[in-house]
Protein chains: 2
Amino acid sequence: MNIASKPLAQRMTVIGIGLIGGSLARAARAAGLCNEIVGAGRSADHLQRAVDLGVIDRYETDLAKAVAGADLVLLAVPLGAMKAVFEGIKGHLDADAVVTDAGSAKASVVEDAVEVFGALPPNLVPGHPIAGTENSGVEASFAELFQGRRVILTPTERTDERATDVVRKLWEGAGAQVTLMDVRHHDEVLAATSHLPHVLAYTLVDTLARMGERDEIFQYAAGGFRDFTRIASSDPVMWRDICLANHDALLAIVERYQEDLDALAKAIRGSDSERILEIFTRAKQARDRYCNG
Amino acid sequence: MNIASKPLAQRMTVIGIGLIGGSLARAARAAGLCNEIVGAGRSADHLQRAVDLGVIDRYETDLAKAVAGADLVLLAVPLGAMKAVFEGIKGHLDADAVVTDAGSAKASVVEDAVEVFGALPPNLVPGHPIAGTENSGVEASFAELFQGRRVILTPTERTDERATDVVRKLWEGAGAQVTLMDVRHHDEVLAATSHLPHVLAYTLVDTLARMGERDEIFQYAAGGFRDFTRIASSDPVMWRDICLANHDALLAIVERYQEDLDALAKAIRGSDSERILEIFTRAKQARDRYCNG
């Protein structure tokens, strides 16, 4: 085997084989990024299913065994499970093993790591693939999930450059476009573009679901409603964890949103036609400019 | 020509040849529902384009001429233009002409008609096709827009049953499923399932658009954001009119929504894990149950 065809990792361990972990494993295999992929998680049945689907080569339910001998480790578990996973792998990682995660908030992951390891390990590169669907589980995973999508890595001053480079190559190998960003800034940007919309969509469906005539009401929901609320079909546990983990940035943008909604409601109440049109026009222009279709 | 093949109308006039008016004209033609389709509106250029596209047979920019001799008239104009159109056609309609509209709120249309005609004319059947896309204009119109979609008619005690029957056959001929509903109830249901989501989506995009780092922020918006905000690309004038026309029902549901959003924010602030999970789970279950995909 020559240098050019040397894979990124001899053995990659993916902890959490759901939509994200499963899709990255599939993509890594398709791109020949590692020779062996070990899956880890709590449920042997679930992991066996991932083996049967060809997503992973083998599995371990014991975290210490799962990471032993791995040169690359991805934590693709809900944010609420991150700390326990750090505790489970502490002391069992190979000296040069590069570790990354796929959590949707980054400050909380850094805090969890600092609590468990005493300081942020130089080989731990916090990361976040901005990809997903409203479906979850290994059955929903597919190798192309990250094609053309963005992945944000948030290395700190302590982070080893080689480790960041390995993680960058992993995601680029899966077809993604990698950007580096400050931890806090990542959390603010994602609170605005992802966490807030989920909170708004969950709240809308719940508001309607608790109305007396809900069976009738949902009958008259058209395509716009379906699109608008699609993200409310996302995994409730994952999103609860995100809300708790990123609560500072999220609550700040929720408050800003509430002020803007108050202002619009006031304009409607006062029949302030110009103000309403101004808001709607600015919003339409921004969306038409930044989103395609 | 035998009875079975007799069309619903000899001449149908469609006032406002945009997405809805244009699509209904196309559908009526495709289904052979009328022998002649006359388009009406303010812009001769725009109407000529509709003729060139084969959507209408001919056009009039004068409302009196447009409705003369028509046995079926559809008003597919923004709610804010409805009263002026009633004024324009008053005294020029054939005695038996059936009139309907496609406005997204119904109480305001009834009020406008009562103001102009002194009382709700028996041959006027208020209606609302629950269909549309975020695109507007005759170029976006297509004959299949109403296939399998719901149309709500809100006849009152004064409304002639024959007129209601003609309008029902018109929409059924275009492939829609027709339901009758009380005016006020229609406005409440639509405020919840359509008007509120539009208000929320417009507000979200505007909140983000007014942030300093908006160019960067929108870069990291993923598929979920695109789906969630698609309705914010809708026509601002049409939606301003809907907010003004249906402000009572809309403000009531906005207020309810704000209370629910406050409660969720409070749960996040207090790290009330169970409460957040309860809300998200109930929302996901409702959406999975009532919406497909």
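Here is a quick tour of this predicted two-chain model, from its symmetry down to one helix and one strand pair.

Residues are numbered from 1 along each chain as written, with chains lettered from A in the order written. Local features need pLDDT of at least 70, side-chain atom pairs count only at pLDDT 80 or more, totals for chains, interfaces and linings use all residues, and side-chain values use heavy atoms, leaving out hydrogens and water.

**Confidence**

pLDDT is the predictor's confidence in each residue, from 0 to 100.

| Score | Value |
|---|---|
| Average pLDDT, chain A | 94 |
| Chain A residues with pLDDT at least 70 | 98% |
| ipTM of the model | 0.89 |
| pTM of the model | 0.89 |

**The pair**

Turn chain A by 180 degrees, shift it 0.0 Å along the axis, and it lies on chain B with an RMSD of 0.0 Å (least squares on C-alpha atoms of residues with pLDDT of at least 70 in both). The two copies are thus related as by a two-fold rotation axis. Both use the same surface: 100% of chain A's contact residues (heavy atoms within 4.5 Å) recur in chain B.

**Helix α4 of chain B**

Helices are DSSP runs of H or I, at least four residues, and strands are runs of E, at least two. In α4(B), residues 82–89, the buried residues (under 20% relative accessible area, 1.4 Å probe, protein chains only) are B:Met82, B:Val85, B:Phe86 and B:Ile89. They fall within an arc of 105 degrees seen down the axis of α4(B), so they line one face of the helix (the arc takes directions from the helix axis to the C-beta atoms). Just after α4(B), B:Gly91 has a positive phi of about 85 degrees.

**Strands β8 and β9 of chain A**

β8(A) (150–153) and β9(A) (177–180) run parallel, joined by four bridges; pairing takes at least two by DSSP. A:Val151 sits opposite A:Val178 of β9(A).

Terms used:
Buried < 20%, exposed > 50% of the residue type's maximum accessible area, 1.4 Å probe, protein only.
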